[in-house]
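Let's take a walk through this model together, starting with its pockets and ending with its charged pairs. Keep the sequence and the 3D view side by side as you read.

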Amino acid sequence: EAVEWGAELIVTHHPIIFDPLKSVTEETTVGRSIMTLCRHGISAVNAHTNLDCAPGGVNDVLVATLGLNDVETIPPFFRDDQGRQWGLLRRGRVEEQPLSQFLETVKSSLNAEGLRYVDGGKPVRRVAVGGGSCADGMHEALEAGCDTFVTADVRYNQFWDAHDLGLNLIDAGHFYTENPVTRVLADTLKRAFPDISVKISETHTDCMKYA
C-alpha cells in the first residue's frame with residue numbers, strides 16, 4: 001500500500017523487527033518487508049513501548065476510547081521535565097455496573113469481533129488497561145485497587161490466576177486494544193508537519209479471525 005501510494009515513510013506502533021535478525025533475505029516475511037522498503041526508498045519509524053508509555057499514547061487513548069474517568073498512571077512510572085507521568089498501565093473509573101454490561105462497552109468501543117474474559121465475581125468500578133500484551137501487569141492492577149483489567153494476548157494460566165485473585169480479566173485482542181492510537185498519531189503528525197501528507201492504512205487489519 002505504501003509503495004502504491006508513493007509514501008516515503010511508514011510510521012507504525014508494532015515494530016517490523018521484533019526479534020534480532022542475523023540476515024535479511026527473501027526467505028522470511030520480515031526480510032521481504034525490509035527489502036521492499038529498501039527497494040522503494042521508504043523509511044520506517046516504529047514507536048513501540050515508548051508509545052505505550054507516553055502521555056497521550058496507546059494507553060491514554062485506550063482509556064479514553066473505553067470512556068473511563070479520573071484516569072491515572074499506575075506505578076511504576078516516572079516524570080519527565082514537563083512533570084508528565086510516563087508509565088505503561090492506566091486506571092480509570094466507570095459508574096458501577098455488571099461485568100456483562102462493561103463487556104458490551106469494550107466490544108462496541110473497540111469494534112472487536114470477540115472478547116475472552118474471566119469473571120472475577122465483582123462488579124466493574126475501577127478499570128486498568130494495557131494495550132497489547134500486558135497481562136503480566138495484573139498484580140500492579142490489583143495493587144492499584146482495580147477490579148477489572150482490559151488487555152490482550154492473555155495466556156491460559158493467567159486467566160486462572162485472575163480467576164483465583166478475583167480480578168475481572170478481559171482479553172480484547174492485540175490489534176483492537178492498540179489500533180485506536182492510529183488516528184491520534186496521524187492527527188499529531190499532521191499538526192506537527194502541516195506540509196506533508198499523512199494517510200492511515202486502509203489495508204491493515206487484524207490478521208486473526210473469529211469463527
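Which helices and strands each supply at least two residues of the lining of the largest pocket? They are α1 (2-5), β1 (9-12), α2 (29-39), β2 (43-46), α8 (174-178) and α9 (181-192). Helices (H or I, at least four residues) and strands (E, at least two) are DSSP runs, numbered from the N terminus.

Before going further, please note that this is a predicted model, in which local features need pLDDT of at least 70, side-chain atom pairs count only at pLDDT 80 or more, and totals for chains, interfaces and linings use all residues. Residues are numbered from 1 along each chain as its sequence is written, and side-chain values use heavy atoms, with hydrogens and water left out.

Back to the largest pocket, which holds about 1700 Å³ of space. Its lining counts 46 residues, and I10, V11, T12, S201 and H204 are the closest to its centre. A pocket here is an open set of points on a 1 Å grid over the protein atoms alone, where a 1.4 Å probe fits and protein lies on both sides within 12 Å along at least five of seven lines; lining residues have an atom within 4 Å of a point. The volume is the space filled by probe spheres set on the points, which are joined across faces, edges and corners. By class, this lining has 25 nonpolar, 16 polar and five charged residues (Ala, Val, Leu, Ile, Met, Phe, Trp, Tyr, Cys and Pro count as nonpolar, Asp, Glu, Lys and Arg as charged, and the others, Gly among them, as polar).

The second largest pocket holds about 210 Å³. Of its 13 lining residues, L51, V184, L185, T188 and L189 are the closest to its centre. Helix α9 gives the most to this lining, with five residues. Ten of the lining residues are nonpolar and three are polar, with no charged ones.

Now turn to helix α4 (residues 58-65), where V58, N59, V61, L62 and V63 are buried (under 20% relative accessible area, with exposed over 50% and partly exposed in between, for a 1.4 Å probe and protein chains only). Just after α4, G67 takes a positive phi of about 75 degrees.

Finally, look for the charged pairs. Side chains of opposite charge can pair when their charged atoms come close. The whole structure has ten salt bridges (a side-chain nitrogen of Lys or Arg within 4 Å of a carboxyl oxygen of Asp or Glu). In one of them, E26 pairs with R39, with the closest N and O atoms 2.4 Å apart. E26 lies in the loop between β1 and α2 and R39 in helix α2, so this bridge ties together parts that are 13 residues apart in sequence. E26 is partly exposed at 37% relative accessible area, while R39 counts as exposed at 52%.

E72 takes part in a salt bridge with R91 (2.7 Å, N to O). This pair links strand β6 (residues 90-97), home of R91, to strand β3 (residues 69-73), home of E72, 19 residues apart. E72 also bridges to R126, with the closest N and O atoms 3.3 Å apart. Since R126 lies in strand β8 (residues 124-129) and E72 in β3, that pair ties together parts 54 residues apart in sequence. Shared partners thus join E72, R91 and R126 into one network. Within this network R91 is buried at 15% relative accessible area, R126 is buried at 18%, and E72 is partly exposed at 35%.
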